[in-house]
Amino acid sequence: MHQVLEAAERVFVSLTGYTGFDRDLSEEILTVVLKSVSAEQQEGYVRQLEAFAGANRERLGQLYGKYGRVGRSRTSATAT
C-alpha cells in the first residue's frame with residue numbers, strides 16, 4: 001500500500017500543484033479500494049494509477065479545480 005500511497009501523492013501534486021495531500025484520508029480510501037482488488041491486480045496498480053492520471057490529466061485538473069480544496073466552495077459557487 002505504501003507504493004500506491006506515494007504514487008497517489010505524486011499524481012495529486014503534479015495535477016494540482018497543491019502540496020496539502022491528505023495522507024490519512026488517502027490511506028483510509030486505499031485500504032478499502034485495495035481490498036476489492038486481487039493481489040495480482042495490486043502489483044500493477046501504481047502503473048495503472050499513473051497511466052490513468054496521465055491519460056485524464058486535463059479532466060482531473062478541472063475536477064479538482066471545481067471540487068477540490070483550492071477550488072470554489074459549494075457556498076460561493078451557488079451564491080454567484
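User: Where is Ser14 placed?
Analyst: This is a predicted model, and in it Ser14 sits in helix 1.

User: Is Ser14 exposed, partly exposed or buried?
Analyst: Ser14 is partly exposed, because its relative accessible area is 38%, and buried would mean under 20%.

User: And how far apart are Ser14 and Arg57 in space?
Analyst: From C-alpha to C-alpha they are 9.2 Å apart, while 43 residues separate Ser14 and Arg57 in sequence.

User: OK, step back a bit. How many helices and strands does the chain have?
Analyst: The chain has six helices and zero strands. Read from the N terminus, the order of elements is α-α-α-α-α-α.

User: What share of the residues is buried?
Analyst: Of the 80 residues in the chain, 20% are buried.

User: What about the surface, how much area does the chain expose?
Analyst: About 6100 Å² is exposed, and 52% of that comes from carbon and sulfur atoms.

User: Now the inside. Which residues make up the largest nonpolar core?
Analyst: Ten residues: Val4, Leu5, Ala7, Ala8, Phe12, Phe21, Leu30, Leu34, Val46 and Tyr64. Two elements, helix 1 (2–16) and helix 2 (23–35), each give two or more residues to this core.

User: Which helix gives the most to this core?
Analyst: Helix 1 does, with five residues.

User: Take Leu5 from that list. What is Leu5 in contact with?
Analyst: Setting aside neighbours within four places in sequence, Leu5 is in contact with Phe21, Arg23, Ser26, Glu27 and Leu30.

User: Ser26 is in there. Where is Ser26 found?
Analyst: Ser26 belongs to helix 2.

User: Buried or exposed?
Analyst: Ser26 is buried, because its relative accessible area of 16% falls under the 20% cut-off.

User: And what does Ser26 touch?
Analyst: Not counting residues up to four places away in sequence, Ser26 touches Leu5 and Phe21. Phe21 is also one of the residues in contact with Leu5.

User: Changing topic to rings. How many aromatic pairs does the structure hold?
Analyst: There are three aromatic pairs. One of them is Phe12 with Tyr18, an edge-to-face pair with 6.1 Å centre to centre and 70° between the planes.

User: Why is that pair called edge-to-face?
Analyst: The planes of Phe12 and Tyr18 are 70° apart, and an angle over 60 degrees counts as edge-to-face, so the pair gets that name.

User: Are those two rings on buried or exposed residues?
Analyst: Phe12 is buried, with a relative accessible area of 16%. Tyr18 is partly exposed, with a relative accessible area of 27%.

User: What about Phe12 and Phe21, what kind of pair do they form?
Analyst: A tilted one: 5.5 Å centre to centre, with 55° between the planes of Phe12 and Phe21. Both Phe12 and Phe21 are buried.

User: Which residues form the aromatic cluster?
Analyst: Phe12, Tyr18, Phe21 and Tyr64 form one cluster. Phe12, Phe21 and Tyr64 are also listed in the largest nonpolar core.

User: On to pockets. What volume does the largest pocket have?
Analyst: About 670 Å³. It is lined by 23 residues, and those closest to its centre are Ala8, Phe12, Phe21, Ser26 and Ile29.

User: Which elements give two or more residues to the lining?
Analyst: They are helix 1, helix 2, helix 4 (45–55) and helix 5 (57–67). Helix 1 supplies the largest share of the lining, six residues.

User: Anything in helix 4? Where does Tyr45 lie, and what is Tyr45 in contact with?
Analyst: Tyr45 lies in helix 4. Leaving out neighbours within four places in sequence, Tyr45 is in contact with Val4, Val33, Leu34 and Val37. Val4 and Leu34 are among the residues of the largest nonpolar core.

User: How far is Tyr45 separated from Met1?
Analyst: Their C-alpha atoms are separated by 9.7 Å, and Tyr45 and Met1 are 44 residues apart along the chain.

User: Last one. Counting contacts between residues at least 6 apart in sequence, what share joins residues at least 24 apart?
Analyst: In this chain, 54% of those contacts do.

Notes:
Residues numbered from 1 in each chain as written. Predicted model: local features only at pLDDT ≥ 70, side-chain atom pairs only at ≥ 80, totals over all residues. Heavy atoms only, no water. Core = buried A, V, L, I, M, F, W, Y, C linked by side-chain atoms within 4.5 Å. Buried < 20%, exposed > 50% of the residue type's maximum accessible area, 1.4 Å probe, protein only. Helix = DSSP H or I, 4+ residues; strand = E, 2+ residues; numbered from the N terminus. Contact = heavy atoms within 4.5 Å. Phe/Tyr/Trp six-rings, centres within 6.5 Å; stacked < 30°, edge-to-face > 60°. Areas by Shrake-Rupley, 256 points an atom, 1.4 Å probe, with all protein chains shown as cover. 1 Å grid on protein atoms, 1.4 Å probe; cavity = no way out; pocket = protein on both sides within 12 Å on 5 of 7 lines; lining within 4 Å. Points joined across faces, edges and corners; volume = space filled by probe spheres on them.
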